[in-house]
Amino acid sequence: MLEIENKDRFGKVIADSLSKIEQTVTDAQTKKRWINAIAKAAAEIEQNGVFMTWQNEDHSLLIWSQRSNNIYTANGVCQCRAFEQGAPCFHRAAARLVRLYMELETAPAPVGEAREIPYLRNTKEPITVEKYGPVRLPIYN
Ligand SMILES: [Zn+2]
């Protein structure tokens, strides 16, 4: 069973994933599919988290589909039909969202590294903001 305790933080993970798709996927059709996959993943996690299990050892998400009665595991690959056809699927989107969320929950970003973004440390105000390439990175004490 998967339970998202910090909805706020999870919301930021979703927002960040959407903006990443926006910035990195150039094909309009693929972009639309990924955005749909992320939206569906967010809804499924919210409503059917009870049918999902996060496996920390291999960073995969087990998803029991009540509709097909199959169990999918996703961590970049998936066993569903969409994946077979090379299309984005919500399983993979969900696995990614949960992985990023778990990383935020368990490990703060290494200081000075522009990894996943600023809100890793949202408990303090940044003292300065530095620019690393295109990324504005707040610096904390
Ligand atoms: Zn899938």
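Does Asn48 count as buried or exposed, and at what relative accessibility? The legends below come to that residue in turn, after a look at the whole chain. Please keep in mind that this is a predicted model.

**Figure 1. The whole chain, with its four helices and five strands.** Welcome to the overview. Starting at the N terminus, the elements follow the order α-α-β-β-β-α-α-β-β. The chain has 141 residues, of which 36% count as buried. Among contacts with a separation of 6 or more, 44% link residues that are 24 or more positions apart.

**Figure 2. Helix H1 and helix H2 side by side.** Here we meet H1, made of residues 7-24, and H2, made of residues 28-48. Their axes come within 9 Å and cross at roughly 170 degrees. An angle over 145 degrees counts as roughly antiparallel, and therefore H1 is described as roughly antiparallel to H2. On the H1 side, the residues that take part in the contact are Lys7, Phe10, Ile14, Ser17, Leu18, Ile21 and Glu22. They meet Lys31, Trp34, Ile35, Ile38, Ala42, Ile45 and Glu46 of H2. Sorted by class, this contact between the two helices brings together nine nonpolar residues, four charged ones and one polar one.

**Figure 3. Asn48 in helix H2.** Now for the residue in the opening question. Asn48 counts as buried because its relative accessibility is 17%, and the cut-off for buried is under 20%. Setting aside neighbours within four places in sequence, Asn48 is in contact with Ala43 and Gln66.

**Figure 4. Thr53 in strand E1.** Strand E1 covers residues 52-55, and Thr53 is part of it. With a relative accessible area of 33%, Thr53 is partly exposed. Look for Leu2 in this view as well: Thr53 and Leu2 are 51 residues apart along the chain, and their C-alpha atoms are separated by 5.4 Å. Apart from neighbours within four places in sequence, the residues in contact with Thr53 are Met1, Ser60, Leu61 and Leu62.

**Figure 5. Ser65 in the loop between strand E2 and strand E3.** Strand E2 spans 60-64 and strand E3 spans 71-74, with Ser65 in the loop that joins them. Ser65 has a relative accessibility of 16%, so this loop residue counts as buried. Not counting residues up to four places away in sequence, Ser65 touches Asn70 and Tyr72.

**Figure 6. The zinc ion and its protein donors.** Which atoms of the protein are donors of the zinc ion? Three are SG atoms, from Cys78, Cys80 and Cys89, and His91 adds its ND1. These donors lie 2.1 to 2.4 Å from the zinc ion. The angles that the four donor atoms subtend around the ion run from 104 to 116 degrees, so the arrangement is tetrahedral. Along the sequence, the donor residues follow the spacing C-x1-C-x8-C-x1-H. Cys89 and His91 are both buried.

**Figure 7. Ala82 in helix H3.** The last view stays with one of the zinc donors, Cys89, and adds a residue that touches it, Ala82. Helix H3 consists of residues 81-84, and Ala82 is found there. Ala82 is partly exposed, its relative accessible area being 24%. Besides Cys89, Ala82 touches Ala87 and Pro88, not counting residues up to four places away in sequence.

Conventions: Residues are numbered from 1 along each chain as its sequence is written. This is a predicted model: local features need pLDDT of at least 70, side-chain atom pairs count only at pLDDT 80 or more; totals for chains, interfaces and linings use all residues. Side-chain values use heavy atoms; hydrogens and water are left out. Helices (H or I, at least four residues) and strands (E, at least two) are DSSP runs, numbered from the N terminus. Buried means under 20% relative accessible area, exposed over 50%, partly exposed in between (1.4 Å probe, protein chains only). Contact means heavy atoms within 4.5 Å. Donors are N, O and S atoms within 2.8 Å of the metal (3.2 Å for Na, K and Ca); water is not among the atoms, so sites may look incomplete. Four donors count as tetrahedral if all angles lie between 85 and 135 degrees; four count as square planar and six as octahedral if opposite donors are over 155 degrees apart and all others between 65 and 115; anything else is irregular. Axes are lines fitted to C-alpha atoms, for helices over the stretch in contact, and angles run from 0 to 180 degrees between N-to-C directions. Angles under 35 degrees count as roughly parallel, over 145 as roughly antiparallel, 65 to 115 as roughly perpendicular and the rest as oblique. Ala, Val, Leu, Ile, Met, Phe, Trp, Tyr, Cys and Pro count as nonpolar, Asp, Glu, Lys and Arg as charged, and the others, Gly among them, as polar.
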